[in-house]
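Hi,

Here is the structure I promised to pass on. Have a look at it first, and then read my notes below.

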Amino acid sequence: MAETGPTGPGQHPRFHEDLVGLDPHDPEARAFAEHLDRMERCGPNFTVEASIDGVADFADSSNRLGGLRWWIAAFLATLIIAGVIVAAWDIVERALQWLAE
């Protein structure tokens, strides 16, 4: 009789649905199954939780990268943080000027 579901806690359900025939213990096949899960994830993208999940996905993917791509991702994250700091400083400065009037 054929198995219809995961057999153990380490089994990914994709190997019984989409990836039939691939070795579920192969690290590359498991990484591909996780990639398919990320690609097919759909949910509300307009919530704070979804925005935080998007940042977490960016961080996870940039940590998997190496070399020049990792440095570009780190530079991009640094630019975003610097932009937020400059914008916050400008808002505080204008608020203090408005309160001083």
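One thing to keep in mind as you read: this is a predicted model. I started with the aromatic side chains, and a search of the whole structure turns up one aromatic pair. The partners are Trp-70 and Trp-71, which meet edge-to-face, with 4.9 Å from centre to centre and 85 degrees between the planes.

Are these two buried or exposed? Trp-70 counts as partly exposed, because its relative accessibility is 32% and the partly exposed class runs between 20% and 50%. Trp-71 has a relative accessible area of 59%, so it is exposed. Both tryptophans also belong to a nonpolar surface patch of about 550 Å², which they make together with Leu-65, Leu-68 and Ile-72.

Now for the helix. Trp-71 sits in α4, which covers residues 68-100. Does the length of α4 agree or disagree with what its residue count should give? At 1.5 Å a residue, its 33 residues should span 48 Å, and the end C-alpha atoms are indeed 48 Å apart, so the two agree. There is hardly any cover over α4: among its 33 residues, the count of buried ones is one.

Further along α4 there is something else to look at. The salt bridge count comes to one, and the partners are Asp-90 and Arg-94, whose closest N and O atoms are 3.2 Å apart. Side chains of opposite charge can pair when their charged atoms come close. Both residues lie in α4, four residues apart, which is about one turn of the helix. An α-helix has 3.6 residues a turn, so residues three or four places apart point the same way. As for exposure, Asp-90 is partly exposed, with a relative accessible area of 31%, while Arg-94 counts as exposed at 57%.

Finally, the view of the whole chain. How many helices and strands does it have? The protein chain comes to four helices and zero strands, so reading from the N terminus the elements simply run α-α-α-α. Of its 101 residues, 12% count as buried. Among contacts with a separation of 6 or more, 8% are between residues 24 or more positions apart. The chain exposes about 8,500 Å², and carbon and sulfur atoms supply 65% of that area.

If you want a place to begin, try the tryptophan pair and then follow α4 along to the salt bridge between Asp-90 and Arg-94.

Cheers

Key:
Residues numbered from 1 in each chain as written. Predicted model: local features only at pLDDT ≥ 70, side-chain atom pairs only at ≥ 80, totals over all residues. Heavy atoms only, no water. Phe/Tyr/Trp six-rings, centres within 6.5 Å; stacked < 30°, edge-to-face > 60°. Buried < 20%, exposed > 50% of the residue type's maximum accessible area, 1.4 Å probe, protein only. Patch = residues over 30% accessible without salt bridge, like charges linked within 9 Å, V, L, I, M, F, W, Y side chains within 5 Å. Areas by Shrake-Rupley, 256 points an atom, 1.4 Å probe, with all protein chains shown as cover. Salt bridge = Lys/Arg side-chain N within 4 Å of Asp/Glu carboxyl O. Helix = DSSP H or I, 4+ residues; strand = E, 2+ residues; numbered from the N terminus. Expected span 1.5 Å × (residues − 1). Contact = heavy atoms within 4.5 Å.
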